[in-house]
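Hi,

Here is the structure I said I would pass on. Have a look at it first, and my notes follow underneath.

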Amino acid sequence: MELSVITPVYHGNKYLNRYMERMSQCAKYMNEIEVQMEVVLVNDSPDVPISYDETKVKGFDVIVVNNSENSGIHASRVNGVNACHGRYIVFLDQDDELSKKSLRSQYETIEKDISDVVMANGILEADGKDNLIFSNKFSQWIASKKFAYVWLRDFIASPGQCIIRKSSIPRDWKFRILKNNGTDDYLLWLLMFENEIEMTCNYEVVYRHVDTGVNLSSDDDKMFESTKELLKVLDECTWFDKKTLRLIKRRIYYKRVDRSNKKLFIKESIKNIDILFINVIYRIIWRGYLVK
């Protein structure tokens, strides 16, 4: 098995028929190059069995993993990794979409470049409008570098933009599970960059991220709780560079400063002048990225 698409499902049966139709379209193009794929559905709502029209499944295998209790998205993704058979993995949300040729495009790119992660471009659907996640190649290229994730923020709207070499997934990401949803993918990228992985770009638009208005990424308080847990996990990883961790922590807390309190904001800006400078330069020069 070459490719596994892992999707946590939480009360998501309403999405699954459309999801299976799209996976069947993707499988058609994968089968043309004789590449086998599977879909791993991880049911994180044990009170509701997964249900879909099996006639919509064409050209790929389906594995259903049932969590014994509601475990969150990080644990569900890890359970999917443990159950899958593919050399490569795509983590896809239940309500997000891939283009028909997306998996083939991603697979051929990672096979050609022999990299650990390939990040494609995509569409952010929000407020009835479609925006490119990266409006230019330069901003996407910057988002494939460790520098951006340490000094700026997580640049990947969703891991559905990426194809990942399974063997490159860090052990600590699989064993140090975040209980608060929201930053498990950011934790994955930080741990992988610390392991000096290679992330390359596929500039094709292959992915659609749907902002339903209730996405965790738009809930600042919940995301911050998840971010604090992420920092704790990084601190527990003895091999993670402590200087880098201090910078990440400083940047995260600086961006939480109440800007309406001008004296406090000026004080914190002076303390974090390096972070302020780099982020201002980014906003001026690299503002091709549209997702916050």
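To start with charge: how far apart are the mean positions of the 43 positive and 42 negative charges of the protein? They are 7 Å apart. Before you read on, please keep in mind that this is a predicted model.

**Overall picture**

The protein has 11 helices and nine strands. Its radius of gyration is 19 Å, close to the 19 Å that the globule rule gives for 292 residues, so the protein is as compact as a globular protein of that length. If you lay the C-alpha trace along its principal axes, it spans about 65 × 40 × 40 Å. Of the 292 residues, 53% are buried. I also looked at contacts between residues at least 6 apart in sequence, and 77% of these join residues at least 24 apart. The accessible surface is about 14,500 Å², with 50% of it belonging to carbon and sulfur atoms.

**Salt bridges**

I get 19 salt bridges in the structure. Three of them are worth going through here.

Take Glu 125 and Arg 208, whose side chains meet at 3.1 Å, N to O. This pair links distant parts of the chain: Glu 125 sits in strand 6 (residues 117-126) and Arg 208 in strand 9 (residues 199-210), with the two positions 83 residues apart in sequence. Both ends are partly exposed, Glu 125 at 29% relative accessibility and Arg 208 at 22%.

The next pair is local. Glu 236 and Lys 232 form a salt bridge with their closest N and O atoms 2.6 Å apart. Because the two are four residues apart in helix 8 (residues 220-236), about one helical turn separates them. Glu 236 is partly exposed, with a relative accessible area of 32%, while Lys 232 is exposed at 52%. This pair also belongs to a network of salt bridges that links Asp 172, Arg 176, Lys 232 and Glu 236.

Then there is Lys 271 with Glu 268, where the closest N and O atoms are 3.4 Å apart. Here the spacing is three residues within helix 10 (residues 262-271), so again the partners are separated by about one helical turn. Lys 271 is exposed at 53% relative accessibility, whereas Glu 268 counts as buried at 16%.

**Buried spots**

Another glutamate to look at is Glu 194, which is in helix 7 (residues 184-194). Is Glu 194 buried or exposed? At 16% relative accessibility it counts as buried, the cut-off being under 20%. Leaving out residues up to four places away in sequence, Glu 194 touches Lys 146, Trp 239, Phe 240 and Asp 241.

Leu 152 is in the loop between helix 5 (146-151) and strand 8 (162-165), and it is buried, with 0% relative accessibility. What does Leu 152 touch, not counting residues up to four places away in sequence? The list is Phe 147, Arg 251, Lys 255, Ile 278, Asn 279 and Tyr 282. Leu 152 and Ile 248 are 96 residues apart in sequence, yet their C-alpha atoms are 8.7 Å apart in space.

Helix 2 (residues 73-83) is another element to click through: His 74, Ala 75, Ser 76, Arg 77, Val 78, Gly 80 and Val 81 are buried there. The cover over these buried residues includes strand 1 (3-9), strand 2 (37-43), strand 4 (88-91), helix 6 (171-175) and helix 7.

**Two backbone oddities**

Most residues other than glycine have a negative phi. Against that background, two loop residues are worth a look.

His 11 has a phi near 45°, a positive value in a residue other than glycine. His 11 lies in the loop between strand 1 and helix 1 (13-32) and is partly exposed, at 37% relative accessibility.

Glu 34 also has a positive phi, near 60°. Glu 34 is found in the loop between helix 1 and strand 2, and with a relative accessible area of 74% it is exposed.

That's what I have for now.

Cheers

How values were computed
Residues are numbered from 1 along each chain as its sequence is written. This is a predicted model: local features need pLDDT of at least 70, side-chain atom pairs count only at pLDDT 80 or more; totals for chains, interfaces and linings use all residues. Side-chain values use heavy atoms; hydrogens and water are left out. The radius of gyration is taken over C-alpha atoms; the globule rule is 2.2 Å times the number of residues to the power 0.38. Buried means under 20% relative accessible area, exposed over 50%, partly exposed in between (1.4 Å probe, protein chains only). Contact means heavy atoms within 4.5 Å. Accessible areas come from the Shrake-Rupley method with a 1.4 Å probe; for residues, only the protein chains shown count as cover. Lys and Arg count as positive and Asp and Glu as negative; His and the chain ends are not counted. The place of a charge is taken as NZ of Lys, CZ of Arg, CG of Asp or CD of Glu. A salt bridge is a side-chain nitrogen of Lys or Arg within 4 Å of a carboxyl oxygen of Asp or Glu.
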